[in-house]
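Thanks for coming, everyone. Let me put the structure on the screen, and then we'll walk through a few parts of it.

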Number of protein chains: 6
Amino acid sequence: MPTGLPAVNSSVASDDEGWVWAQIKAEARRDAESEPALASYLYSTILSHSSLERSLSFHLGNKLCSSTLLSTLLYDLFLNAFSSDPSLRSAAVADLRAARERDPACVSYSHCLLNYKGFLACQAHRVAHLLWRQSRRPLALALHSRIADVFAVDIHPAARIGKGILFDHATGVVVGETAVIGNNVSILHHVTLGGTGKAGGDRHPKIGDGVLIGAGATILGNIKIGEGAKVGAGSVVLIDVPPRTTAVGNPARLVGGKEKPSKHEDVPGESMDHTSFISEWSDYII
Amino acid sequence: MPTGLPAVNSSVASDDEGWVWAQIKAEARRDAESEPALASYLYSTILSHSSLERSLSFHLGNKLCSSTLLSTLLYDLFLNAFSSDPSLRSAAVADLRAARERDPACVSYSHCLLNYKGFLACQAHRVAHLLWRQSRRPLALALHSRIADVFAVDIHPAARIGKGILFDHATGVVVGETAVIGNNVSILHHVTLGGTGKAGGDRHPKIGDGVLIGAGATILGNIKIGEGAKVGAGSVVLIDVPPRTTAVGNPARLVGGKEKPSKHEDVPGESMDHTSFISEWSDYII
Amino acid sequence: MPTGLPAVNSSVASDDEGWVWAQIKAEARRDAESEPALASYLYSTILSHSSLERSLSFHLGNKLCSSTLLSTLLYDLFLNAFSSDPSLRSAAVADLRAARERDPACVSYSHCLLNYKGFLACQAHRVAHLLWRQSRRPLALALHSRIADVFAVDIHPAARIGKGILFDHATGVVVGETAVIGNNVSILHHVTLGGTGKAGGDRHPKIGDGVLIGAGATILGNIKIGEGAKVGAGSVVLIDVPPRTTAVGNPARLVGGKEKPSKHEDVPGESMDHTSFISEWSDYII
Amino acid sequence: MPTGLPAVNSSVASDDEGWVWAQIKAEARRDAESEPALASYLYSTILSHSSLERSLSFHLGNKLCSSTLLSTLLYDLFLNAFSSDPSLRSAAVADLRAARERDPACVSYSHCLLNYKGFLACQAHRVAHLLWRQSRRPLALALHSRIADVFAVDIHPAARIGKGILFDHATGVVVGETAVIGNNVSILHHVTLGGTGKAGGDRHPKIGDGVLIGAGATILGNIKIGEGAKVGAGSVVLIDVPPRTTAVGNPARLVGGKEKPSKHEDVPGESMDHTSFISEWSDYII
Amino acid sequence: MPTGLPAVNSSVASDDEGWVWAQIKAEARRDAESEPALASYLYSTILSHSSLERSLSFHLGNKLCSSTLLSTLLYDLFLNAFSSDPSLRSAAVADLRAARERDPACVSYSHCLLNYKGFLACQAHRVAHLLWRQSRRPLALALHSRIADVFAVDIHPAARIGKGILFDHATGVVVGETAVIGNNVSILHHVTLGGTGKAGGDRHPKIGDGVLIGAGATILGNIKIGEGAKVGAGSVVLIDVPPRTTAVGNPARLVGGKEKPSKHEDVPGESMDHTSFISEWSDYII
Amino acid sequence: MPTGLPAVNSSVASDDEGWVWAQIKAEARRDAESEPALASYLYSTILSHSSLERSLSFHLGNKLCSSTLLSTLLYDLFLNAFSSDPSLRSAAVADLRAARERDPACVSYSHCLLNYKGFLACQAHRVAHLLWRQSRRPLALALHSRIADVFAVDIHPAARIGKGILFDHATGVVVGETAVIGNNVSILHHVTLGGTGKAGGDRHPKIGDGVLIGAGATILGNIKIGEGAKVGAGSVVLIDVPPRTTAVGNPARLVGGKEKPSKHEDVPGESMDHTSFISEWSDYII
């Protein structure tokens with residue numbers, strides 16, 4: 001964990017959220033001073049705002065707007081959502097922490113806030129999901145469409161997503177209507193949580209807490225990926241994966257086999273260990 | 001099939017097309033009434049237009065424009081294409097039906113018309129393809145580039161595509177220059193119909209009617225995917241797949257084996273059954 | 001090689017670069033004459049400019065701008081970069097040649113310059129990389145973010161990339177912070193050069209000269225893909241691949257086996273031969 | 001007075017304001033139904049908003065924004081101003097009434113709200129004036145500049161303006177820093193309330209209640225235009241004009257002469273009678 | 001008259017219109033060749049279009065659009081108007097000729113078409129007037145508002161305007177609802193054809209054929225400016241001006257006096273002679 | 001003169017120019033700190049630039065751009081002009097000083113640089129004039145048109161304008177093709193320097209050094225306004241005005257009469273004294 005960070009599971013959430021926002025402003029101020037060419041951008045997106053919610057609403061409104069869905073309309077929509085549901089802010093802070101702690105390429109909170117398409121897509125999704133739950137579905141779907149166009153991240157507004165999520169790189173992620181994602185999950189780019197046919201109903205994967213899903217993995221159907229499980233990059237998973245086990249390959253096999261899958265102890269969604277299972281994967285080199 | 005829909009293969013196409021357009025307007029009117037924040041968008045994209053072609057031309061012109069390719073220019077281009085080639089409209093209607101009938105997440109025709117990047121990319125491609133056939137290649141390629149930037153869907157303007165196509169989710173789809181796609185095909189996101197080298201000529205896959213291609217499948221070379229065949233998610237296919245058979249895996253194997261591939265009866269491009277072949281895939285769990 | 005092209009490895013680089021720029025202008029002039037609807041675009045992007053650098057700076061500035069990062073700011077940034085580091089221009093010319101020579105769908109240099117998102121993303125990356133090396137990291141990361149949004153190509157600004165690179169189709173490419181790509185490499189879409197965990201340090205692949213990486217391949221960790229090697233489409237590679245050998249499958253195996261991998265002679269990054277190894281891949285059809 | 005209007009000086013301001021907003025929505029709804037091409041505009045500017053303040057803030061934000069002063073920033077600014085100072089709303093309503101009652105070309109309240117540049121410039125000025133009084137002068141002046149560019153109406157943010165103001169046509173109006181305008185004043189286009197030199201201090205005209213100033217009149221210096229006075233079109237006024245008298249000509253003379261200026265009884269700022277003084281102007285035709 | 005121009009009152013209007021359009025394209029082609037920086041602009045506005053109507057519709061659509069009234073909507077509106085009423089085209093051609101022949105600063109037809117705000121405002125007004133006559137008043141007034149914002153030219157959509165009109169410089173022109181302007185009239189900037197009070201009905205000036213109105217003249221009330229009359233710059237006119245006479249001053253007097261106004265012979269709206277009456281204006285120098 | 005300003009006619013121009021630019025940056029920095037909502041604007045327009053020329057080029061490029069004349073093109077044009085002709089910069093500095101010293105409402109140099117439409121229109125005109133002298137007339141006229149649209153200031157690109165010019169308020173200013181304006185001239189809004197007919201050739205006023213022209217004055221024909229002369233607001237001037245005399249009225253008379261015009265001593269273009277001549281204007285009040 002980077003030096004000087006407070007504990008993640010702070011019991012005083014609002015202090016923690018204030019701390020993160022203060023960090024973001026300090027980072028942006030430092031960057032604006034060192035790089036005048038970027039100062040205008042940093043002031044408009046961060047430094048002119050009085051709260052993380054306003055900054056995010058402004059940034060998302062300007063990123064997601066189009067000639068037929070104006071930035072002012074979207075800005076309003078985001079502001080209203082953030083003020084009506086405080087859990088959106090705490091989820092955003094948890095996601096910022098997730099990126100900062102798990103992704104070594106994430107150099108600062110403001111870096112994530114401004115530049116991570118996975119982070120931005122996820123926050124916009126949370127607002128679309130709120131609209132969906134409020135039965136404002138045409139608006140939720142219009143927002144969904146803008147997120148899919150702008151970030152190439154396609155999360156159905158009905159999908160339920162926990163906190164502390166890292167969508168790393170994020171391009172090409174697809175999450176279906178009845179998918180559920182737990183807390184502290186890390187999902188790489190090109191990952192699909194898809195359905196299995198044209199029948200409606202509950203048809204998408206359920207991802208447990210602390211799961212890590214590698215780049216390009218395709219997980220299909222109403223199956224369970226147990227808590228703390230890992231899915232290897234490029235895997236195609238069509239069956240349940242037990243907790244704290246690893247599934248790899250196309251079609252995915254459990255490392256150690258179905259009968260005695262080898263367990264790992266940590267929380268891969270947080271440790272981001274993609275490849276330590278290689279030695280156990282006996283036939284890797286033919 | 002959702003209640004109240006007329007038969008798909010209506011012999012009176014124009015009545016059918018009119019019916020779909022009437023549905024779209026009715027849906028948009030209902031949504032505008034229930035959601036004032038979205039009404040402006042629905043009026044500009046649908047309710048102010050006198051026909052599906054004009055609505056689509058407006059929507060695509062505004063989606064695909066850039067600071068150097070103005071919306072008015074693109075709008076004109078689309079309007080002219082739709083009025084010179086009525087088959088573009090009937091193909092659009094067939095694609096709308098395909099989404100509505102095969103994708104349980106598609107809640108209405110207007111939802112598809114406005115929000116499905118696969119649908120919109122496909123309609124824009126049809127216009128690029130018309131330009132290509134008219135030997136207006138630089139314009140076709142400029143349009144191709146805009147589609148690839150805006151929707152992350154990269155279909156070469158020379159590629160020939162049938163009707164009743166569902167590009168579901170669509171992000172990352174790549175279809176090469178000499179590819180051919182039949183009617184009633186369903187293609188998930190991240191699917192590649194690619195070439196095999198730097199030699200020119202006929203070098204991309206030929207996809208038969210009714211085929212279903214799962215997410216992330218890569219099909220390379222001038223090979224045939226026979227009618228009614230299925231290609232599993234994440235498969236890498238380098239050889240012909242016979243009609244009504246299933247190919248899965250990397251590299252793809254035919255379910256049942258090359259000598260006696262097990263046949264299935266339905267039209268997977270329409271049934272969208274991705275996973276029922278699992279039980280036949282004997283070594284799925286090791 | 002198309003008729004009339006001068007030798008690739010011209011010892012007089014500046015003549016060669018001038019020749020390519022002259023070709024681009026001639027192509028654009030021809031296209032503007034034959035297609036008035038596109039003439040405005042061709043004049044603004046190519047014909048009004050006095051050099052390739054100015055044309056590229058204008059085009060990238062207009063493509064990558066947003067409401068909070070103005071085109072004038074980006075244009076300035078690109079112009080300054082090109083004038084301070086002439087190697088950016090020669091790399092751009094080498095990349096244009098790579099597309100023209102290796103991709104049969106590339107009909108002209110101007111086609112690549114205007115329309116290839118892989119080409120454009122790569123040139124913008126080179127500028128982001130220059131900023132990174134100058135310790136202007138917040139600006140480099142902001143540019144990185146715009147490239148990832150607009151082109152769905154996510155190359156960390158610290159990644160080092162050689163010349164003569166073809167990112168074909170390019171959507172979904174992810175290249176991590178400590179990755180290195182040699183010269184004359186061809187990389188298809190959806191390719192990942194990724195890391196292996198949350199530890200920092202040197203953790204991404206090193207790709208040798210002349211390598212060809214097929215669509216959807218995922219290469220993870222600080223491993224070496226030797227010069228002239230091939231990685232098959234959809235492969236997941238977690239170990240070194242020796243020079244002039246081929247890795248295929250998920251997990252990737254060396255064709256011929258680890259002990260006696262069969263060598264090929266040519267430079268696949270240039271020949272773009274994706275599939276000739278099929279006959280050697282003995283268990284391809286089960 | 002148009003049939004069915006409630007009394008102007010309603011003692012219950014909030015009811016009155018609610019009535020005007022209800023009228024505006026009813027008008028917009030009627031127009032949206034009769035003119036689908038305009039419906040999108042009417043929904044985005046009026047029908048999607050829950051209050052006059054939000055509608056005005058949205059409309060002004062979109063009218064006054066530029067590539068360096070974003071609509072979201074201005075929208076926020078206007079919303080905050082309207083919510084912090086309710087007199088802005090009542091002044092807007094009084095101005096809407098002024099246009100509706102005095103200008104026969106004003107067909108509806110919504111017509112004024114959407115289309116009258118004088119009305120819009122005046123409301124934006126009120127916000128700039130609020131900022132000025134809050135010592136946020138650089139922001140007030142930036143807003144002033146946008147109003148002057150977009151509407152060609154140049155009112156210094158320090159100028160104090162009453163309620164029930166009609167700036168008719170408005171193009172070219174210039175109002176200096178220390179000018180004061182009373183209530184129920186009507187000012188035509190090209191009117192200048194200017195200073196007299198480079199000395200600072202109180203140097204601009206003071207316009208009494210109920211004054212009517214004709215097109216192109218130029219009023220210079222710290223002089224008083226008494227209540228209910230009229231200034232003829234094209235007049236150049238450099239001295240005080242007594243209450244309920246008329247000044248015409250260049251240089252302006254009082255009708256009836258300085259010693260016994262002929263009085264008129266009504267409130268010309270409300271009656272808008274520009275020309276009934278002709279018969280008294282003895283030398284009009286030479 | 002510039003050498004080589006055909007007669008103005010050509011009896012074969014359509015040939016004449018074709019000739020003007022051909023001139024415009026030839027001029028634009030010449031300018032595009034000599035000035036590459038402008039070529040993109042010239043192609044998009046003129047050279048890519050097949051007719052004057054399409055060129056004008058495109059140019060006006062892009063000039064008058066806003067974030068809430070999209071260019072595609074306006075373009076459509078203009079195209080439909082031009083195709084439904086061919087007199088709009090012939091009026092535009094007559095106005096182009098008027099500028100070319102009367103304004104020595106008008107160097108070419110394309111100069112007027114692209115750059116003259118008076119010309120552009122007048123053509124857009126004609127379309128607003130057509131909408132007004134079709135009882136599409138809210139749309140007519142919205143267009144009126146855009147013209148007033150963008151060009152600072154405020155012509156009520158109900159005002160009737162003849163052909164061969166030159167609005168020279170045009171900024172600040174105001175033309176009221178019941179004003180009528182004849183043919184071959186020239187009107188300088190800041191001219192007001194205004195009303196006289198808040199009463200409705202026919203209350204604005206009627207301007208005869210061939211009239212010339214100097215800069216800053218204010219003409220108020222339902223009065224007649226007879227054919228071939230002149231109104232001096234800065235005049236304020238409140239009474240009828242007989243044909244072929246000159247009114248000057250504030251208040252305006254007839255040159256030669258009311259009883260025996262001196263007549264002039266030519267058509268000042270075409271000769272543009274602003275000042276030859278000076279010698280007759282006896283008291284001009286005191 | 002405001003405290004602490006160095007002498008205007010500094011013999012070391014470049015030091016002076018550097019001083020003004022340093023002031024501008026200091027002002028902007030102070031304002032950015034006190035008003036975060038404006039900081040983004042101040043950084044993008046001033047604080048991110050290394051010189052006054054770059055700041056002005058950026059600001060003008062963004063102000064004058066349109067959908068068919070892109071900001072990048074205009075920015076380039078301005079940058080090239082400023083670097084090819086250093087007198088443009090010194091003229092801009094002289095104009096900034098003129099506003100700061102003569103206009104009591106001008107609170108800072110940056111206020112003028114950012115917000116004064118007269119200042120901005122004048123600097124853009126100087127570039128248009130440079131293009132005109134380089135025989136790049138179509139481009140000069142296109143720029144002229146944008147200035148007239150955006151600022152409602154219409155200065156023909158051939159007009160010759162000195163240094164130290166204040167166009168105060170500026171809306172509606174019209175300056176004809178053969179007009180000449182000397183140094184240290186102050187011109188209020190709605191001023192016309194116009195021609196007298198449709199004949200070409202030298203036909204516009206020549207304004208001497210140090211002249212002050214009041215709001216709404218109309219000066220027509222190839223006449224001379226002698227150095228240090230004053231023209232009263234609303235005057236219509238058709239004859240020469242001798243040096244250091246005052247012309248007022250419509251038609252304009254010389255104060256003191258033609259034979260013995262009363263002289264004033266100062267430089268009214270700098271003192272901005274509009275009205276001290278009133279006492280001499282004997283018949284002002286009838």
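**A sheet, a helix and two contacts**

Start with chain E. An open sheet there has five strands in the order S1-S4-S7-S10-S13, with parallel pairing. Strands here are DSSP runs of E with at least two residues, helices are runs of H or I with at least four, and both are numbered from the N terminus. Two strands pair if DSSP finds at least two bridges between them. S1(E), residues 154–155, and S13(E), residues 236–237, are the edges; each has a single partner strand, so one side of each lacks a neighbour in the sheet. S10(E), residues 218–220, runs parallel to S13(E), and two bridges join them. One partnership to note: E:Thr218 bridges to E:Val236 in S13(E).

A word on the model. It is predicted, so local features need pLDDT of at least 70 and side-chain atom pairs count only at pLDDT 80 or more, while totals for chains, interfaces and linings use all residues. Residues are numbered from 1 along each chain as its sequence is written, with chains lettered from A and ligands numbered from 1 in the order in which they are written.

Next, chain F. Helix H2(F) covers residues 36–47, twelve residues. Its end C-alpha atoms are only 14 Å apart, short of the 16 Å of a straight helix at 1.5 Å a residue. That expected span is 1.5 Å times one less than the number of residues. Is H2(F) mostly buried or exposed? Eleven of its twelve residues are buried. Buried means 20 or more other C-beta atoms within 10 Å of the residue's own, exposed means 12 or fewer, and partly exposed is in between, with C-beta atoms placed from the backbone. Among the buried ones are F:Tyr41, F:Leu42 and F:Tyr43.

Now chain A. Its domain assignment gives domain 1 (11–153) and domain 2 (159–286); such bounds come from an automatic or database assignment. Their centres, over C-alpha atoms, are 26 Å apart. In contact are 16 residues of domain 1 and 15 of domain 2, where contact means backbone-placed C-beta atoms within 7 Å. On the domain 1 side, H5(A) (87–102) and H7(A) (117–133) each supply at least two residues. H5(A) has the largest share, seven residues.

Last, chains C and A. The contact takes 43 residues from chain C and 42 from chain A. On the chain C side, H8(C) gives the most, with nine residues.

How values were computed
Two residues are in contact if their C-beta atoms, placed from the backbone, lie within 7 Å.
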